[in-house]
Amino acid sequence: MSRPDIRQPASAPDCELDLAAQLALVARGDHRAFELVYGELAGPVYGVVRQVLRDPAQSEEVAQEVLLEIWRTASRFDPARGSGAAWALTIAHRRAVDRVRSETASSRREQKAAEPQPAEDDVAEVVEATLEHQRVRRCMSGLTEPQRESIKLAYYSGYSYPQVARLLGVALGTVKTRIRDGLIRMRDCMEVTW
Amino acid sequence: MKVIRDDLHVLTGSYVLDAISEAEREEFERHLQNCPTCDAEVRGLRETAARFALACAVTPPARMEQQVLAATYRTRQLPPLPAGRPRRERRVHAVRVLHLPRRVAVLAAAASVAAAVALGITQLSAQHQLDHARDTAIARVVTAPDARVEAVRTSAGGNVTVVTSAALREAVVSTSGMASLPSSRVYQVWVMSPSGARSAGLMHGSSLLASSVRPGDRIGITVEPAGGTSKPTTTPIAVLPV
């Protein structure tokens, strides 16, 4: 099937405008618009689900569910409340985390997490070397080690903050604060303007 | 009171990273309704978190695209929320159809109205619902592992979508938003090959099954006199590959 190649960095403002516009069309049942949305979001959706779930087959299944969810709930996307990418990738991350929590014996995962962690880009497939990737890396390196560790365990491994607290042997309040402060620092570093 | 609020406010980060329990999530979302500062912070941090995902994009297996696109044809969309109602994050349940064993998926789709809904044939009459064999056949095509989807806007408005399974040699043709025709005219569907066009039937509902389609064939739609014709007499308003 032919589909115009729209591989600009997803942070480009015009690209995001485009995504929001396409999502509005998807909400009205436009299958062609959905193909464009798929082209834009399938990579990050699959990527983030892989990060959290690791298992390729399961990740593919969950990524499909997420993309279908985007189709199903496009009418609930409100451009006044954020970018299309943020809306969609929130669904993706949450779905992956829900899957992990619903099925794994958390004790085993925590044990595994205590072992040396692969870097967040060590998934089997090569993570697309995007500008975004460089930027996140650079900003991550500006965090304190405890902030970085807490954010990675929460976002990329899908742990809850109480699990992160147990893994790192610190108080709950400490973890909550680290995650928030770290994220705020990331936000400021990346100057989030879409 | 102040202490509790501060404590909740600190949760913005953990909330955005989905690092809180279901119960806390619900509590925090209630809090967000009454805390514009927290809400603004959540929105900003959510954009940041989205960039973590963008930064780890991985090209998914190629087969995924066709599977997802085909699934959209059997997945009903949520209507927009009534205007003015406050939006709340709601957990929505997964639509899990794709990884069922194929036979089960077909049966499931046929047994429920899922197949009908899937193709946008929600306004099926009772008569159509009686046509169980046809619905089963349609479900079989749209759930086929090799289902391919083509869609196009017709030159007379409206959209036509064709889902084809090469293995089954069948195609489901569905339309939406088509202009209604006078009673003296009908939309007729054709399977077009180098040897000519043969009728696949008249478009009465909003979808139709075309059998014996081969790779290289095309699906065409024309406007014909009521009752249909044996050969197209007008220029097709849409032509799609199968």
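Let's start inside chain B, with one pair of residues: Val149(B) has Val163(B) as its bridge partner in E2(B). Before going further, keep in mind that this is a predicted model.

That valine pair belongs to a longer run of pairing. E1(B) and strand E2 (residues 159-165) of chain B are joined by 6 bridges, and the two strands run antiparallel. Step back a little and you can see where they sit: an open sheet of 4 strands in chain B, ordered E1-E2-E3-E6, with antiparallel pairing. At its edges are strand E1 (148-153) and strand E6 (207-210) of chain B, each of which pairs on one side only. If you ignore direction, neighbouring strands of this sheet are turned by 15 degrees against each other on average.

Chain B has another sheet to look at. Here 4 strands make an open sheet in the order E5-E4-E7-E8, again with antiparallel pairing. This time the edges are E5 and strand E8 (238-241) of chain B, and each of them pairs on one side only. From one strand to the next, the twist averages 30 degrees.

Now walk across that sheet from the E5 side. Strand E4 (residues 185-193) and strand E5 (residues 196-202) of chain B pair in the antiparallel sense over 6 bridges. They form a hairpin, with 2 residues between E4(B) and E5(B). To get your bearings in the viewer, find Gln188(B), which stands opposite Leu202(B) in E5(B). At the other end of the strand order, strand E7 (residues 218-225) of chain B is joined to E8(B) by 4 bridges, and these two run antiparallel as well. A handy marker there is Gly220(B), which stands opposite Val239(B) in E8(B).

So much for the sheets; what about the place where the chains meet? Chain A brings 80 residues to the contact and chain B brings 69 residues. Between them the two chains bury about 6900 Å², with 58% of that on carbon and sulfur atoms.

There is plenty to look at on the polar side too. Between chain A and chain B, 31 residue pairs are in polar contact, counting pairs with both residues at pLDDT 80 or more. On chain A, the elements that give two or more residues to the side touching chain B include helix H1 (13-27), helix H2 (31-53), helix H3 (56-73) and helix H4 (84-103). H2(A) supplies the largest share of that side, 12 residues. Sort the residues on this side of chain A by type and you get 37 nonpolar, 18 polar and 25 charged.

Some of the charged residues are worth a closer look. Over all chains, the structure holds 16 salt bridges. One of them brings together the side chains of Arg63(B) and Glu60(A), at 2.6 Å from N to O. Why does this pair join two chains? Arg63(B) lies in helix H5 (residues 63-72) of chain B while Glu60(A) lies in helix H3 of chain A, so the salt bridge links one chain to the other.

Across the interface of chain A and chain B there are 7 salt bridges. Another pair to pick out is Asp39(B) with Arg81(A), a salt bridge whose closest N and O atoms are 3.1 Å apart.

How values were computed:
Residues numbered from 1 in each chain as written. Chains lettered and ligands numbered in written order. Predicted model: local features only at pLDDT ≥ 70, side-chain atom pairs only at ≥ 80, totals over all residues. Heavy atoms only, no water. Contact = heavy atoms within 4.5 Å. Buried area = accessible area lost by both parts, 1.4 Å probe. Salt bridge = Lys/Arg side-chain N within 4 Å of Asp/Glu carboxyl O. Polar contact = N/O pair within 3.5 Å; in protein donor to acceptor, adjacent residues only side chain to side chain. Nonpolar A, V, L, I, M, F, W, Y, C, P; charged D, E, K, R; others polar. Pairing = 2+ DSSP bridges. Axes fitted to C-alpha atoms, helices over the stretch in contact; angles between N-to-C directions.
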